[in-house]
Amino acid sequence: DKASDMLFSTGKYAEALELYAMLENAGNAQNKMKAITGKMRCTFRLQKYREAIDEAARLRKTDKVTETLNREAAFISGKSNYVLGQYDMALFGIKEAATETKTAQGAESKYLLADIYFKQQNFVSSEKEIMDFIEKGTSFQFWLAKSFILLSDIYVAKKDDFQARHTLKSLIENYSVQNDGILEEAKSRLAAIDARDKKEVAPLQENFMQIKLNQQ
């Protein structure tokens, strides 16, 4: 019991998984729930997503599962389906986990929910989730920043480069963490918009020069 927890906390997930499996077979109802929880967490971190989905479903069916554990199982199930590209399936767990944004998993879920809608080209729902996220706020600024980048993608998809550029510039000016990839991602998006605008402007300038030449 303690050995499996110790292995898990030191990142030895494969070894911990074996011990949790043994604990499930040997233990009482309380140990069984602890074992399934451990197996769910280990398989998820080992990127065995289909197994993680199965363990999350089993955990949610156990008696006396706490609200906190239930929400974690919803997140792991939803995120696993998301990684596997099963977006319709992912929505069930992600929606449940995204009801609060105070925890890291809740904040990530709120971003993932908006991203799933975006991938499904449901831009209205995607933007609505982002605006709700901004209003609720979170101490996990990384996921809020990812949502601002996603908002710029929605504006680009709607052919509103002005708003996209404004959103990205605002993020670049106000985001304080230098080394988590957010600023690089935002600057890359901004550069892509600028490059595309230059491409679109060039033929117009060429045509204008042509007209002037013809008039001479």
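Which residues form one aromatic cluster with Phe 44?

1. In this predicted model, Tyr 49 and Phe 75 join Phe 44 in one aromatic cluster. By the ring-pairing rule, the count comes to seven aromatic pairs. For Phe 44 and Tyr 49, the ring centres are 6.0 Å apart and the planes stand at 70°, so this pair is edge-to-face. Phe 44 and Tyr 49 are both buried.

2. Phe 75, a member of that cluster, also belongs to the contact between helices H5 and H6. Helix H5 spans residues 67-83 and helix H6 residues 87-97; they pack at an angle of about 150°, and their axes are 7 Å apart. Helix H5 is therefore roughly antiparallel to H6. The crossing of H5 past H6 is left-handed.

3. On the H5 side, the contact is made by Asn 70, Arg 71, Ala 74, Phe 75, Gly 78, Lys 79, Asn 81 and Tyr 82. H6 contributes Tyr 87, Met 89, Ala 90, Gly 93, Ile 94, Glu 96 and Ala 97. Sorted by class, the contact of H5 with H6 holds eight nonpolar, four polar and three charged residues.

4. Lys 39 deserves a separate remark. This residue is part of helix H3, residues 29-45. Its relative accessibility is 13%, so Lys 39 counts as buried. With neighbours within four places in sequence left aside, Lys 39 is in contact with Leu 17, Tyr 20, Ala 21, Glu 24, Glu 55 and Arg 58.

Methods:
Residues are numbered from 1 along each chain as its sequence is written. This is a predicted model: local features need pLDDT of at least 70, side-chain atom pairs count only at pLDDT 80 or more; totals for chains, interfaces and linings use all residues. Side-chain values use heavy atoms; hydrogens and water are left out. Axes are lines fitted to C-alpha atoms, for helices over the stretch in contact, and angles run from 0 to 180 degrees between N-to-C directions. Helices (H or I, at least four residues) and strands (E, at least two) are DSSP runs, numbered from the N terminus. Angles under 35 degrees count as roughly parallel, over 145 as roughly antiparallel, 65 to 115 as roughly perpendicular and the rest as oblique. A crossing is left-handed if the near helix is turned anticlockwise from the far one by less than a right angle, and right-handed if clockwise. Contact means heavy atoms within 4.5 Å. Ala, Val, Leu, Ile, Met, Phe, Trp, Tyr, Cys and Pro count as nonpolar, Asp, Glu, Lys and Arg as charged, and the others, Gly among them, as polar. Rings of Phe, Tyr and Trp (its six-membered ring) pair if their centres lie within 6.5 Å; planes under 30 degrees apart count as stacked, over 60 as edge-to-face and the rest as tilted. Buried means under 20% relative accessible area, exposed over 50%, partly exposed in between (1.4 Å probe, protein chains only).
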